[in-house]
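Trainee: Could you teach me how to read a protein model, one feature at a time?

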Amino acid sequence: MGAEDSVKRPLVFAYYVTGHGFGHATRVVEVARHLILAGHDVHVVTGAPDYVFTTEIQSPRLFLRKVLLDCGAVQADALTVDRLASLEKYSETAVEPRDTILATEVEWLKSIKADLVISDVVPVACRAAADAGIRSVCVTNFSWDFIYAEYVMAAGHHHRSIVWQIAEDYSHCEFLIRLPGYCPMPAFRDAIDVPLVVRRLHKPHEEVRKELGIGEDVKIVILNFGGQPSGWTLKEEYLPRGWLCLVCGASESLDLPPNFVKLAKDAYTPDVIAASDCMLGKIGYGTVSEALAYKIPFVFVRRDYFNEEPFLRNMLESYQGGVEMIRRDLLTGHWKPYLEHAISLKPCYESGINGGEVAANILQDTASGKNHTSDKLSGARRLRDAIVLGYQLQRIPGRDLSIPDWYASAENELGLRTGSPSAEMSDDSFHLPSLPNDFEILHGDVMGLSDTVNFLKSLSELDSFIDSGKSTEKLQIRERKAAGRLFDWEEEIFVARAPGRLDVMGGIADYSGSLVLQMPTREACHVALQKIQPTKQRLWKHTQARHNAKGQGNTPVLQIVSYGSELSNRGPTFDMDLSDFMDGDQPMSYEKARSYFARDPSQRWAAYTAGTILVLMKELGIRFENSISVLVSSAVPEGKGVSSSAAVEVATMSAIAAAHGLNIEPRELALLCQKVENHVVGAPCGVMDQMTSACGEANKLLAMVCQPAEVLGLVDIPNHIRFWGIDSGIRHSVGGADYGSVRIGAFMGLKIIKSVAMGLLSQSSANGVTSDDLEEDGIELLETEASLDYLCNLSPHRYEALYVKQLPETMVGESFLQKYVDHNDPVTVIDPKRNYGIRAASRHPIYENFRVKAFKALLTSASSDYQLTALGELLYQCNYSYSACGLGSDGTDRIIQLVQEMQHSKVSRSVEGTLYGGKITGGGSGGTVCVVGRNCLRSSEQILQIQKKYQDATGYLPILFEGSSPGAGTFGHLRIRRRKQK
């Protein structure tokens, strides 16, 4: 933008900068620089140090106002975000003083006579601009409603109003100038895409190296963690021989070895990055954009709980510019294999890097009165729900939701059903794919399952994939490469399969001992596993480097590859020495195991797989002398409430048992897998998920009394009845706060009921009541209820007659502990400061057990419209009981409403009904809705209509779960070996 582009009078811009890190401030510098070059005044509202702006812009038209109006993400260290602290800090910074902030900002904006407000990406700035009658524009690659949405679900549900308020603030923005690597931002009604905003270089790399006294023959890695001192002990042996590391943001007191050099505080980082051979740091917009712009390979370590990262990472890897380092290797200094890999890359970003200039032109035109957006919406914009990549956000009516290409393509490139709305498997068994000729099946049968055949095909292609010589660094291809190096193809491989489950009836009442009815899904998890002598195992380079550094010989190692990692923002590989599970001569405690897997959240997923080994060691006394290589490929989508974790656990343990000759019955295997989830992962789930995955049968409902896991048998689904699952798109987690608090409330209720029953017994005895006054049967009932093991053993009429009025609606944890000492649930802990709902949480399992019994009886009754109507009504009652416990969600409620609209439509009333009812499933708080209906074409058409209507309302196309498949016990296992080439 030159002087000739300037308008007749200088314009006044108010530029608000978020308080999260320097990356936002540095890109604001580049946009502001071009605005000032065009002759305009720029007032920057920021909490960043002055030098960030003044070293690059020396102009009287730059005005700095030191005010902090948001806090971003509170970081415990350079790699860890404290989710709850972030929400609490934002509430303190921007919510509590909101009225004062708005009044102050409106007055200030009017005082400087601002022509346009720009925000990167302070929410309240947009609202203040609207109140002042000034247009506003946001310039960003992410918005805080998307970032905080996960924090609310995982750490601070009571702060949910923060997300709604932020989204509504953003909705007052005129439009969004969207930077590459962007996240979904549905609060903005229009978006204009611009190239990368990158700080310009001041000096050529030769001059920079000369000033630093570093020759061209020396390899340089710049250690860049966002200007934050790392606090780690850096050692000379961390670097390959002949390398030098330039450390950004090092404290004055930090002692460095001779091959590490502190950069001066005022060093111009872009010049140093461009003069380096690679960069080591955490992913953020600034580091990624500058690595791409200057074609510098970037060795990155994942941050915890920052939703911006997967989009930037995908963009980085799509241009062959990224190498992921495991956090453990960063901290222990095993850098060499990553750095050497990085310098072999050839980053290929060729798109524009003049986003600062382009954005400044758009902002100037907008401030001058030009309209860059459509006029279809005007005035106050009220938002409604949107569900984007599993986060419940808000958006305005009528806007098409945009999903980033680099995210959407991840599903397509993966080639697996990890979240696509259309089923991967065909209902038509006549079109079963042919088995690959590469493998000989020595034991087992694919049972006509097309997904198993496809999995075997993918196995057969792995080594050829490695040999293809593809150089791209996209994550899905890296997964395939890692998997291709996993197995010794001359040795036997064991394959197990375990389905997810659709919770038809029972749900969260399982932990209270209810009868449950569960249907195994058609979608399943496959695990390929090889037990192999350590001398024959093909170790990954970083694993081998770690062993060499320790001077270890042939130590048994567990190596795991998990497909689809990018869709849930986790690392694709995991490895550990099996000896790490030992604490002296005994297996480590479950508590230590939880801590072990929690060290790096991007690899916490491995607890579901590796945890099966520890449970077998502790519970069955098994010792593993050989190495184990595991490939996990699951088509059971995560976070949908269909037991993806149980499918992984059951498939893994089944494969381990087969490879090691362990004869574990399906029921026992399910109970062991529950221990993995409860004690290693730390999720307080019941046992029905694992039992269904292990013991279920295709097209039948598993009937089980969860006391703890007594299978009553299999219930045939009548031919005229069908069940569907419709995914709401809202991520579900049994590890979340809501599920756990309701479970605790139920156990509190059980303890109170037992105490009341004991009190009634004592009272009758103290008052001299005889058996003539109180029938002997009544005393026996009270005695039984005083020693209840499970809430579901209490009948609804006894609950209503004696106990409902004795249960408080809610109770603070501290008060309960003072009166009752403990709630006797081994997998949850009462928070003394939390207020728990007790009456609704206790009532639900008592009545749910009755509903499930009625449902089971109705399935075997005569076929009639009444039968279907009654089944549907039971589902509805269950759904509203979930909501009463606080486990509903807007998304699942919307689906239930759509089912009811279909059920009561004129068309459905004029002919035989088709859909009859639905309920939220599993742990609730999102996830999937189970729908019951008549097994006919019209019902399937209505399900598709619901899917489309839900998409129109939320922007999210639900996954449909249809059909069923056998459990792991029925499938057994496959033992395969690659055929020798002739």
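**Reading the model, step by step**

Mentor: Gladly! Let us begin with a small detail: just after helix α5, Gly133 takes a positive phi of about 75°. Keep in mind throughout that this is a predicted model.

Trainee: Which residues of α5 are buried?

Mentor: In α5, which covers residues 123-131, the buried ones are Pro123, Val124, Ala125, Cys126, Ala128 and Ala129.

Trainee: Now the wider view. How many helices and strands are in the chain?

Mentor: The chain holds 34 helices and 34 strands. Of its 982 residues, 60% are buried. Look at the contacts too: among those with a separation of 6 or more, 72% join residues 24 or more positions apart.

Trainee: How do I read a sheet?

Mentor: Start with the general idea: strands in a sheet are paired by backbone hydrogen bonds, in a parallel or an antiparallel way. Here, an open sheet of 6 strands runs in the order β12-β11-β10-β13-β14-β15, and its pairing is parallel. At the edges are β12 (260-262) and β15 (322-324), each pairing on one side only. On average, neighbouring strands of this sheet are turned by 25° against each other, direction ignored.

Trainee: Over how many bridges do β10 and β11 pair?

Mentor: Strand β10 (residues 219-224) pairs with strand β11 (residues 243-247) over 5 bridges, in the parallel sense. To find one of them, go to Lys219, whose bridge partner in β11 is Trp243.

Trainee: Asn224 is in β10 as well. Is Asn224 buried or exposed?

Mentor: Compare its relative accessible area with the cut-off: buried means under 20%. Asn224 has 8%, so it is buried. Leaving aside residues up to four places away in sequence, Asn224 touches Cys248, Thr269, Ile273, Met279, Leu280, Gly281, Lys282 and Thr287.

Trainee: May I try the same on Asp575, in strand β22 (residues 573-577)? Why does Asp575 count as buried?

Mentor: Asp575 counts as buried because its relative accessibility is 0%. With residues up to four places away in sequence again not counted, its contacts include Arg328, Trp540, His542 and Arg546.

Trainee: And what about a residue between the two extremes?

Mentor: Try Ser755, found in helix α25 (residues 737-766). Its relative accessibility is 34%, so Ser755 counts as partly exposed. Its C-alpha atom is separated by 8.6 Å from that of Tyr820, which is 65 residues apart from Ser755 along the chain.

Trainee: Can a whole helix be read for burial too?

Mentor: Yes, count its buried residues. In helix α16 (residues 450-460), 9 of the 11 residues are buried, so the helix is largely enclosed by the rest of the structure. Among them are Val453, Phe455, Leu456 and Leu459, along with Ser450 and Asp451.

Trainee: Last topic: how do I read two helices packed together?

Mentor: Look at the angle and the distance between their axes. Helix α1 (residues 23-37) packs against helix α14 (residues 355-367) at an angle of about 55°, with the axes 8 Å apart. This angle is why α1 is oblique to α14. The crossing of α1 past α14 is right-handed.

Trainee: Which residues make the contact?

Mentor: From α1 come Glu30, Val31, His34 and Leu35, and from α14 come Gly356, Glu357, Ala359, Ala360, Leu363 and Gln364. By class, this contact of α1 with α14 has 5 nonpolar, 3 polar and 2 charged residues. As a general idea, an α-helix has 3.6 residues a turn, so residues three or four places apart point the same way.

Conventions. Residues numbered from 1 in each chain as written. Predicted model: local features only at pLDDT ≥ 70, side-chain atom pairs only at ≥ 80, totals over all residues. Heavy atoms only, no water. Pairing = 2+ DSSP bridges. Helix = DSSP H or I, 4+ residues; strand = E, 2+ residues; numbered from the N terminus. Axes fitted to C-alpha atoms, helices over the stretch in contact; angles between N-to-C directions. Parallel < 35°, antiparallel > 145°, perpendicular 65-115°, else oblique. Left-handed = near helix turned anticlockwise from the far one by under 90°. Contact = heavy atoms within 4.5 Å. Nonpolar A, V, L, I, M, F, W, Y, C, P; charged D, E, K, R; others polar. Buried < 20%, exposed > 50% of the residue type's maximum accessible area, 1.4 Å probe, protein only.
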